[in-house]
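Work through the exercises below with the sequence and the model at hand. Each task is followed by a solution in steps.

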Amino acid sequence: DVQEEDSSPSSSWELQQLQGERDLLMAKLRLMASERDFAVREMRQMAEHSQNIATEFESMAEHSEELVHRLEEVRRERDQALQASESAYEVSQMLQEQLVLVTRERDLARQQVEHLRDITAQCQLEQIVWCVCVCIIIKLWPSS
């Protein structure tokens, strides 16, 4: 009785329909497997890309640490340069004050030289006058 049902046209048609559905389901399974494989490949690529980004961030962090150390060195150098500049400014101020003092001393020395020249000229004039007076006295002195 079961065999008769299997050989009937409606059973054959149902069997074909079931086989068609099975083939369709198998195709869908293959498609889903293919999509799964594609998704797995994409996930692996994304994981690799994430790893590359993580490595890049680590490298950037190391570079940032190097930059921080360099910045600290530059700050120390700047502080030293500021101290040297302040010291140089203080020395410059002292030299400026000394220059003012030396200039005053030079001006005083010039005044003293001018005064000594005037005195020397006056003394020379007095010597000439005394010489003339002595000569006149000698000429006018009666000889005995």
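**Exercise 1. A charged pair in a helix**

The model is a predicted one. Task: state whether E114 is buried, partly exposed or exposed, then describe its salt bridge with R117.

Solution.
- Step 1. The relative accessible area of E114 is 42%. Partly exposed covers the range between 20% and 50%, so E114 is partly exposed.
- Step 2. The partner, R117, has 53% relative accessibility and therefore counts as exposed.
- Step 3. Both residues belong to helix α2, where R117 and E114 are 3 residues apart, about one turn of the helix.
- Step 4. Their side chains form a salt bridge with an N to O distance of 3.2 Å.

**Exercise 2. Shared partners and further salt bridges**

Task: find which residues are joined into one network by salt bridges that share partners, and examine the pair E77 and R70.

Solution.
- Step 1. The network consists of R70, E73 and E77.
- Step 2. Within it, the side chains of E77 and R70 form a salt bridge at 3.8 Å, N to O. The cut-off is 4 Å, so this pair qualifies.
- Step 3. E77 is partly exposed at 44% relative accessibility, and R70 is also partly exposed, at 41%.
- Step 4. Another salt bridge links D79 with R78, whose closest N and O atoms are 3.0 Å apart. D79 counts as partly exposed at 35%, and R78 counts as partly exposed at 46%.
- Step 5. The search of the whole structure gives 7 salt bridges.

**Exercise 3. Surface patches**

Task: identify which residues make the nonpolar surface patch and which gather in the patch of negative charge.

Solution.
- Step 1. The nonpolar patch is made by I128, V132, I136 and L140, and its area is about 390 Å².
- Step 2. One of these residues, I128, sits in helix α2, which covers residues 9-140. With a relative accessible area of 52%, I128 is exposed.
- Step 3. The negative patch on the surface gathers E58, E62, E65 and E66. Of this group, E62 is located in helix α2.
- Step 4. Charge can also be counted over the protein: there are 15 positive and 28 negative side chains, and the centres of the two sets are 15 Å apart.

**Exercise 4. Overall shape**

Task: decide whether the protein is a compact globule or more spread out than one.

Solution.
- Step 1. The secondary structure consists of 2 helices and 0 strands.
- Step 2. The radius of gyration is 60 Å, whereas the globule rule gives 15 Å for 144 residues. The value is well over the rule, so the protein is more spread out than a compact globule.
- Step 3. The C-alpha trace spans about 205 × 20 × 15 Å along its principal axes.
- Step 4. Of the 144 residues, 1% count as buried. The accessible surface is about 13800 Å², and 59% of it belongs to carbon and sulfur atoms.

**Exercise 5. A distance along the chain**

Task: what separation do the C-alpha atoms of R110 and W130 have?

Solution.
- Step 1. R110 is part of helix α2, and at 52% relative accessibility R110 counts as exposed.
- Step 2. R110 and W130 are 20 residues apart along the chain.
- Step 3. Their C-alpha atoms are separated by 30 Å.

Note on methods:
Residues are numbered from 1 along each chain as its sequence is written. This is a predicted model: local features need pLDDT of at least 70, side-chain atom pairs count only at pLDDT 80 or more; totals for chains, interfaces and linings use all residues. Side-chain values use heavy atoms; hydrogens and water are left out. Patches are made of residues with over 30% relative accessible area and no salt bridge: like charges are joined within 9 Å, nonpolar side chains (Val, Leu, Ile, Met, Phe, Trp, Tyr) within 5 Å. Accessible areas come from the Shrake-Rupley method with a 1.4 Å probe; for residues, only the protein chains shown count as cover. Helices (H or I, at least four residues) and strands (E, at least two) are DSSP runs, numbered from the N terminus. Buried means under 20% relative accessible area, exposed over 50%, partly exposed in between (1.4 Å probe, protein chains only). Lys and Arg count as positive and Asp and Glu as negative; His and the chain ends are not counted. The place of a charge is taken as NZ of Lys, CZ of Arg, CG of Asp or CD of Glu. The radius of gyration is taken over C-alpha atoms; the globule rule is 2.2 Å times the number of residues to the power 0.38.
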